[in-house]
Amino acid sequence: MVYFKYGKDFHDLRIQHGFSLSAFEELGIAKSTLSNFENGKSILSFDRLDFALQKMNVSPLDYSLMINNGEQDNYISIFDEIEHAYYQRNIK
């Protein structure tokens, strides 16, 4: 059940946006695959997850924030700092 949080949050988004399990079959994601993901029994590949999020108009960043209780992953904040330093021409 290591994947439970990912699937539960996806399930909440899916319900919030009014999509059924079968709505993602056109993306090549079977109802059973999605159900297993939402119940923490398996994980979706990143490309399938990305397609499903796009269908719901949810960015990967928004999904990541949801999973992490509103906190950015460390790598995102580090890249933000690097980008800011680059535009400020701060070589330190």
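**Burial, core and helix packing**

In this predicted model, D9 is buried, with a relative accessible area of 5%. The residue is found in helix α1. When neighbours within four places in sequence are set aside, the contacts of D9 are with Y63, M66 and I67. A relative accessible area of 5% is under the 20% cut-off, and D9 therefore counts as buried.

The chain as a whole has five helices and zero strands. Read along the sequence, its elements follow the pattern α-α-α-α-α. Of the 92 residues of the chain, 25% count as buried. Among contacts between residues at least 6 apart in sequence, 59% join residues at least 24 apart.

The largest nonpolar core has 14 residues, and those with the most contacts inside this core are F10, L53 and Y63. Two or more residues are given to the core by each of the elements α1 (4–16), α2 (31–38), α3 (46–55) and α4 (60–67). The helix that gives the most is α3, with three residues. The surroundings of F10 can be described in further detail. Apart from its neighbours within four places in sequence, F10 is in contact with F24, L34, F37, E38, L49, A52, L53, M56 and Y63.

One of these partners, A52, lies in helix α3. A52 has a relative accessible area of 0% and is buried. The C-alpha atoms of A52 and F10 are 9.3 Å apart in space, while the two residues are 42 apart in sequence. Besides F10, A52 touches F24, L27 and I29, when residues up to four places away in sequence are not counted. F24 thus appears among the contacts of F10 and also among those of A52.

Two packed helices are described by the angle between their axes and the distance between the axes. For α1 and α2, the angle is about 120° and the axes are 7 Å apart. The residues that make this contact are Y6, G7, K8, F10, H11 and R14 of α1, together with L34, F37 and E38 of α2. By class, the residues of the contact divide into four nonpolar, two polar and three charged. The α2 residues L34, F37 and E38 are also listed among the contacts of F10.

Helix α1 also packs with α4. Their axes come within 10 Å and cross at roughly 120°. An angle of this value falls outside the ranges for roughly parallel, roughly antiparallel and roughly perpendicular pairs, so α1 and α4 are oblique to each other. The crossing in which α1 passes α4 is right-handed. On the α1 side the contact is made by K5, Y6, G7, D9, F10, D12 and L13, and on the α4 side by Y63, M66 and I67. The contact of α1 with α4 has six nonpolar, one polar and three charged residues. The buried residue D9 takes part in this contact, and its partners Y63, M66 and I67 are the residues that α4 contributes.

Residues in the loops were examined next. H17 has its place in the loop between α1 and α2. With a relative accessible area of 35%, H17 is partly exposed. Not counting residues up to four places away in sequence, H17 touches M56 and V58. H17 and V58 are 41 residues apart along the chain, and their C-alpha atoms are separated by 9.7 Å. M56, touched by H17, is also in contact with F10.

N39 lies in the loop between α2 and α3. This residue is partly exposed, with a relative accessible area of 37%. N39 and H11 are 28 residues apart in sequence, and from C-alpha to C-alpha they are 8.7 Å apart in space. H11 is one of the α1 residues in the contact with α2.

N57 is placed in the loop between α3 and α4. Its relative accessible area is 73%, and N57 is exposed. The value is over the 50% cut-off, which means that N57 is classed as exposed rather than partly exposed. Most residues other than glycine have a negative phi. For N57, phi is near 60°, a positive value in a residue other than glycine.

Key: Residues numbered from 1 in each chain as written. Predicted model: local features only at pLDDT ≥ 70, side-chain atom pairs only at ≥ 80, totals over all residues. Heavy atoms only, no water. Core = buried A, V, L, I, M, F, W, Y, C linked by side-chain atoms within 4.5 Å. Buried < 20%, exposed > 50% of the residue type's maximum accessible area, 1.4 Å probe, protein only. Helix = DSSP H or I, 4+ residues; strand = E, 2+ residues; numbered from the N terminus. Contact = heavy atoms within 4.5 Å. Axes fitted to C-alpha atoms, helices over the stretch in contact; angles between N-to-C directions. Parallel < 35°, antiparallel > 145°, perpendicular 65-115°, else oblique. Left-handed = near helix turned anticlockwise from the far one by under 90°. Nonpolar A, V, L, I, M, F, W, Y, C, P; charged D, E, K, R; others polar.
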